[in-house]
Amino acid sequence: MPPPRTRTRPAERAPRVGFVSLGCPKALVDSERILTQLRAEGYEVAPTYEAADIVVVNTCGFIDAAVDESLDAIGEALEHNGRVIVTGCLGARPQRILARHPRVLKVTGPHAYEDVVGAVHEHLPPRHDPFFDLLPPQGVRLTPRHYAYLKIAEGCNNKCSFCIIPAMRGRLASRRIDDVLREAERLVAAGVKELLVISQDTSAYGSDIRYAPGAWRGASYQTRFIDLARGLAELGAWVRLHYVYPYPHVDEVIPLMAARRVLPYLDVPFQHGSPAVLKRMRRPAHSENTLKRIRGWRAQCPDLTIRSTFIVGFPGETDSEFAQLLAWLDEAQLDRVGCFKYSPVEGAAANALPDHVAPQLQEERYARFMEHAAAISRRRLAQRVGRHMRVLVDAVTDGTATARSEADAPQIDGVVRIEDAGSVRAGDWAEVRIVAADDYDLTGRLA
């Protein structure tokens with residue numbers, strides 16, 4: 001096997017780092033932090049493998065398909081550049097990476113920012129001292145200018161049987177609320193119109209640091225879920241809450257949503273509708289009467305959008321338990337739904353459970369679930385035809401704008417297509433009247 005190729009660069013130009021970011025929004029924020037530090041130290045970000053002096057690959061390792069994608073991306077970077085540093089969740093299992101790609105220069109684990117930057121220093125020294133004054137105050141971002149992910153914590157204290165996130169990313173480590181609110185303030189000042197709050201368990205925010213107090217804009221806050229929502233509401237941006245487990249205190253945020261202080265949108269990973277399956281999954285709050293909670297939320301905030309994800313074909317899932325899931329979905333009437341077929345994850349406790357569901361039956365249940373969910377979505381979206389709504393434009397192509405309403409998170413939910421968009425541009429607000437709906441998307445015209 002040939003050794004890593006040697007690259008030389010003219011002494012007068014800045015060192016260039018290529019970057020590949022895979023996985024979830026939380027990993028994307030990790031990538032932004034690494035890039036911000038490297039840019040502050042004089043590194044440039046290269047748009048191609050060939051233009052880079054070195055490449056960093058931020059991997060995902062949550063399920064087998066993500067591991068395969070990460071290993072393929074590392075191989076591609078090695079083929080086209082030859083000098084590769086690996087980080088991210090798969091980096092927590094370096095032997096898996098090195099067995100396939102022994103030529104990588106360095107492997108670091110998830111959210112190991114200093115280790116990544118140190119590895120870059122080792123193999124591609126910076127040209128000169130840091131120059132933070134050349135960076136925008138919001139740092140380097142990989143999202144469009146008008147929205148940004150706001151990560152409030154690392155890690156997770158839950159012990160779900162299908163998940164290895166705590167083993168890869170560690171236990172819950174919340175950021176202090178004043179630090180989070182200051183970052184959010186900088187982002188909004190830089191033109192961000194939508195803040196997407198993310199962590200592994202947003203409802204548990206602050207519990208690990210005993211809800212530490214903080215001050216911002218002359219007011220006192222505690223590092224906890226409801227205070228975070230109240231603080232972010234002061235910024236005048238759309239605030240969208242993701243990965244919210246249905247603990248009892250989540251009820252406190254619903255009045256803020258009803259008053260449009262934060263978006264009437266909850267991303268709650270329910271995962272299943274059968275109490276027996278949820279118990280085998282070791283889901284937090286699995287004993288909560290979630291259907292009763294949903295009814296209560298919608299009574300206070302009728303426009304509330306609820307999105308969730310589910311797993312079908314979990315070990316031991318019977319026909320009766322799957323029927324319970326479909327019946328639960330019928331009653332819950334969720335607006336946005338994603339579904340995964342259970343896949344064994346190396347190191348997960350669920351691997352040892354008996355009665356794994358055959359792949360063919362998993363496929364059948366997945367198809368039935370998605371058909372069920374699409375019918376619910378179609379009926380709920382049809383009720384919006386004729387309504388006027390404010391949308392945020394993500395892109396404009398050939399006179400047609402792709403936008404999102406309060407009910408739509410970027411990349412995972414539906415969109416609002418605006419025909420004859422006129423002078424509307426990406427990042428603009430637009431007022432539209434909804435004229436048509438399909439299974440997942442709306443069509444509108446400028447009002």
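This passage describes two strand arrangements, two cases of helix packing and one buried residue in a predicted model.

An open sheet is formed by five strands in the order β2-β1-β3-β4-β5, and the pairing in this sheet is parallel. Strands β2 (44-45) and β5 (106-107) stand at its edges. Each of these two strands has a single partner strand, so one side of each is left without a neighbour in the sheet. Within the sheet, strand β1 (residues 16-21) pairs with strand β3 (residues 54-59) over five bridges, in the parallel sense. Val20 stands opposite Val57, a residue of β3. Helix α2 (residues 64-80) lies across three strands, namely β1, β3 and β4 (84-88). The direction of α2 is at about 175 degrees to that of β3. As angles over 145 degrees count as roughly antiparallel, helix α2 is therefore roughly antiparallel to β3.

A second strand arrangement is a closed barrel of five strands, which runs β16-β17-β18-β20-β19. The pairing in the barrel is mixed. On average, neighbouring strands of this sheet are turned by 50 degrees against each other, with direction ignored. Strands β19 (residues 429-437) and β20 (residues 442-446) run antiparallel and are joined by five bridges. One residue pair can be named here: Arg433 has Arg445, in β20, as its bridge partner.

Helix packing is described next. Two packed helices are described by the angle between their axes and the distance between the axes. For helix α6 (residues 177-189) and helix α7 (residues 225-232), the angle is about 25 degrees and the axes are 10 Å apart. Because angles under 35 degrees count as roughly parallel, α6 is roughly parallel to α7. The crossing of α6 and α7 is right-handed. On the α6 side, the contact involves Ile177, Val180, Leu181 and Ala184. These residues meet Asp227, Leu228, Gly231 and Leu232 in α7. By class, the contact between α6 and α7 comprises six nonpolar residues, one polar residue and one charged residue.

The last feature is a single residue, Ser308, which is located in strand β14 (residues 305-312). The relative accessibility of Ser308 is 0%. Since a residue counts as buried when this value is under 20%, Ser308 is buried. When neighbours within four places in sequence are left aside, Ser308 is in contact with Val268, Pro269, Phe270 and Gln271, and also with Leu334, Arg336, Val337 and Gly338.

Methods:
Residues numbered from 1 in each chain as written. Predicted model: local features only at pLDDT ≥ 70, side-chain atom pairs only at ≥ 80, totals over all residues. Heavy atoms only, no water. Axes fitted to C-alpha atoms, helices over the stretch in contact; angles between N-to-C directions. Helix = DSSP H or I, 4+ residues; strand = E, 2+ residues; numbered from the N terminus. Parallel < 35°, antiparallel > 145°, perpendicular 65-115°, else oblique. Left-handed = near helix turned anticlockwise from the far one by under 90°. Contact = heavy atoms within 4.5 Å. Nonpolar A, V, L, I, M, F, W, Y, C, P; charged D, E, K, R; others polar. Pairing = 2+ DSSP bridges. Buried < 20%, exposed > 50% of the residue type's maximum accessible area, 1.4 Å probe, protein only.
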